[in-house]
Amino acid sequence: MLVIVHSEVYGKRLEDVLPLLEDDLRLQVAFTVAPHPFNDGAERLVRRLGGLVLPWVQAVRERFDLALAAGSRGIEQVRAPVVLLSHGARRMRLERAVEGVLPAMRKVTGLSPRYLTRGNDVVPVSIALAHDEERDELVRSCPQALPRAEVVGDPCHDRIAVSLSSRGRYRAALGLGEGEKLVLVTSAWGRNSAFSRLDGLLPRLMTELPRPEYRVAVLVHPNVWAWHGKWQVRAWTAGWERSGITLLSPDQEWRPALIAADWIIGDYSSVTLYGTMTGAPVLLSRYPQEDANLASPGAAMALTVPALSAHHPLTEQLAYAAEEYRAEEYAALAARICSGPGEFNRRFRRVIYRILGLGEPACRPEVRPLPLPPSLSALAVAVPG
C-alpha cells in the first residue's frame, strides 16, 4: 500500500487512518510526499511516523495494490487504485470564483470534476464521504463520480467524541489551574481567515482579558506555517507570545486543546465546526459568505453562533456567548459532521480490505482516545531571540 501525503494537514488526516493497518502481516505500507505548494512539514510528518518514504518519482513508477490520499494533486499518476478522503470537516467551501462563472454554478471544493476527474475519467476508485448529505452535493458537482462514493463517516469526529470524557485530564495536562478559563483562537488560512486580521484581535485578547483568570491559545492552520515559514510566523507573533498568549506549534496534536477550551473564537473552518462537539460556546470571527457552501453545516453554524464584534468588550461577548449557548443547537450542528458517528473505522476498514481483496482481521477496530498533551508552555512555539 502507498500513503500519499500532500501537506501536513492531509497527513494528519491520514494518520488517524493508519491504526486500521496495524497488526496485519499481509500488508506492507510505504509513504510518499506528493508535489504540493503547502507540503513543507509533510516530509517531517512521515519521518516522524517512521515509515518507509519513497521519493515521488519512484512512487509513481512502482505498482501498488492500494493508495490512500486526502488530496487530489497528482493521484492520476499513481499506479494503484486510489481511495480519496476529505481532509477536513465536510466540504464547507465553494471553488474559487472564476470570471464568467455565475455564483450559482460554482462547485463544492473537493467534490468537483477538478478534484475527482482527469479528462473524462473519474480517478479515485473510492471517494470517502463523511455524511449522506454529501451524496446530494456530489450529484450537483460531479455526478459521474457518484458510483464511486461511499459514506464512511469522519475519523476526526470519532476521535474527538471518544475523548470528550477526558476533558479534565487534558486541562490538567495543559497546565490549566482550577478557575482558569481557556480561550482558544482558531484560524484557517488565506485572505478570508482570522489570521489575516489577528493583529486586530490578539491585542484585544492581551489587554481586555484579565490574567490569570483567562489563558489564551492560538491555533493557526499548518498551511500558514508552510507558506510563510516557521520563522516568519514566529516573528509576526513574538510580541503576543511575550505577553502571555500561547501560539500552538503545528507539529503538535491540536484536538486536546479544542476539548479543553472554555470558549472558541474561530473563523469559518473545520476546526471551528469540530468545536461544536465540545460544549464550549463559539464566537465566529470571520464568515466569507461569498465562498461558503450554503448547504454545509458550516453555513448553518454561521447562523447559529454569535459573530465576534469589534465594538463591544471581549468579556461581555464571551459572557453573551455562554448565555446564548444552547446545547441542542450545537448538537444539531455536530450531528451534520458525519453520518454513523463512531462507525468510521469499521466502515473504512471494510472499504480498504474489499479493494485489496483480503478478508478483514478478526477484531473490532477501536477508536483510540487522543493522547494527553504537553503543557501550554511546552506546546508554545519558541519565540525568536
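**Exercise 1. The seven-stranded sheet**

Which strands does helix α2 (residues 42-49) lie across, and at about what angle does it run to β2? Describe also the sheet of seven strands, with its order and its edges.

*Solution.*

Step 1. Helix α2 lies across β1, β2 and β3, and it runs at about 165 degrees to β2. The model examined here is predicted.

Step 2. The open sheet consists of seven strands in the order β3-β2-β1-β4-β5-β8-β9, and their pairing is parallel. The edges are held by β3 (52-54) and β9 (149-151); each has a single partner strand, so one side of each is left without a neighbour in the sheet. On average, neighbouring strands of this sheet are turned by 25 degrees against each other, direction ignored.

Step 3. One pair may be followed in detail. Strand β2 (residues 30-33) pairs with β3 in the parallel sense over three bridges. Within β3, Val53 is the residue that stands opposite Phe31.

Step 4. Helix α1 (residues 8-15) also packs on the sheet, where it touches β1 (2-5) and β4 (67-69). The direction of α1 makes about 145 degrees with that of β1.

**Exercise 2. Arg13 and Val57**

Determine whether Arg13 is buried or exposed, and do the same for Val57.

*Solution.*

Step 1. Arg13 is located in helix α1, while Val57 belongs to helix α3 (residues 56-59).

Step 2. A residue is buried under 20% relative accessible area and exposed over 50%. The relative accessible area of Arg13 is 7%, so Arg13 is buried. For Val57 the value is 53%, so Val57 is exposed.

Step 3. Residues up to four places away in sequence being left out, Arg13 touches Ala70, Ser86, His87, Gly88, Ala89, Asp154, Pro155, Cys156 and Tyr274.

Step 4. A distance can be added for Val57: its C-alpha atom and that of Gln77 are separated by 9.9 Å, and the two residues are 20 residues apart along the chain.

**Exercise 3. Strand β13 and the loop after it**

With which strands does β13 pair, and what is the handedness of the crossover from β13 through α12 to β14? State also which side chain of opposite charge is nearest to Asp267.

*Solution.*

Step 1. Strand β10 (residues 181-187) pairs with β13 in the parallel sense over four bridges. In this pair, Val183 stands opposite Trp263.

Step 2. Strand β14 (residues 282-284) is likewise paired with β13 in the parallel sense, over three bridges. The bridge partner of Ile265 in β14 is Leu283. The chain passes from β13 through α12 to β14, and this β-α-β crossover is right-handed.

Step 3. From β13, Trp263 and Ile265 point one way, whereas Ile264 and Gly266 point the other way; all are buried.

Step 4. Asp267 lies in the loop between β13 (263-266) and α12 (270-275). Asp267 is buried yet has no salt bridge. Arg93 is the nearest side chain of opposite charge, at 5.9 Å. A salt bridge requires a side-chain nitrogen of Lys or Arg within 4 Å of a carboxyl oxygen of Asp or Glu.

Step 5. Neighbours within four places in sequence aside, the contacts of Asp267 include Thr186, Ser187, Ala188, Leu284 and Arg286.

**Exercise 4. Salt bridges**

How many salt bridges does a search of the whole structure find? Examine the bridges of Glu213, Glu360 and Glu366.

*Solution.*

Step 1. The search finds 27 salt bridges.

Step 2. Glu213 and Lys181 meet through their side chains in a salt bridge of 3.3 Å, N to O. Glu213 lies in the loop between α8 (198-208) and β11 (214-220) and Lys181 in strand β10, so the pair ties together parts that are 32 residues apart in sequence. Glu213, at 34% relative accessibility, is partly exposed, and Lys181, at 26%, is partly exposed too.

Step 3. Glu360 and Arg349 form a salt bridge of 2.8 Å, N to O. Glu360 lies in the loop between α16 (344-356) and α17 (376-379) and Arg349 in helix α16, so this pair ties together parts that are eleven residues apart in sequence. Glu360 is partly exposed at 33%, whereas Arg349 is buried at 7%.

Step 4. In the salt bridge of Glu366 with Arg368, the closest N and O atoms are 3.7 Å apart. Glu366 is exposed at 54%, and Arg368 is partly exposed at 33%.

Step 5. Salt bridges with shared partners join Arg90, Arg91, Glu133, Glu134, Glu137 and Arg336 into one network.

Notes:
Residues are numbered from 1 along each chain as its sequence is written. This is a predicted model: local features need pLDDT of at least 70, side-chain atom pairs count only at pLDDT 80 or more; totals for chains, interfaces and linings use all residues. Side-chain values use heavy atoms; hydrogens and water are left out. Two strands pair if DSSP finds at least two bridges between them. Helices (H or I, at least four residues) and strands (E, at least two) are DSSP runs, numbered from the N terminus. Axes are lines fitted to C-alpha atoms, for helices over the stretch in contact, and angles run from 0 to 180 degrees between N-to-C directions. Contact means heavy atoms within 4.5 Å. Buried means under 20% relative accessible area, exposed over 50%, partly exposed in between (1.4 Å probe, protein chains only). Lys and Arg count as positive and Asp and Glu as negative; His and the chain ends are not counted. A crossover is right-handed if, with the strands pointing away from the viewer, the path from the first strand over the helix to the second runs clockwise.
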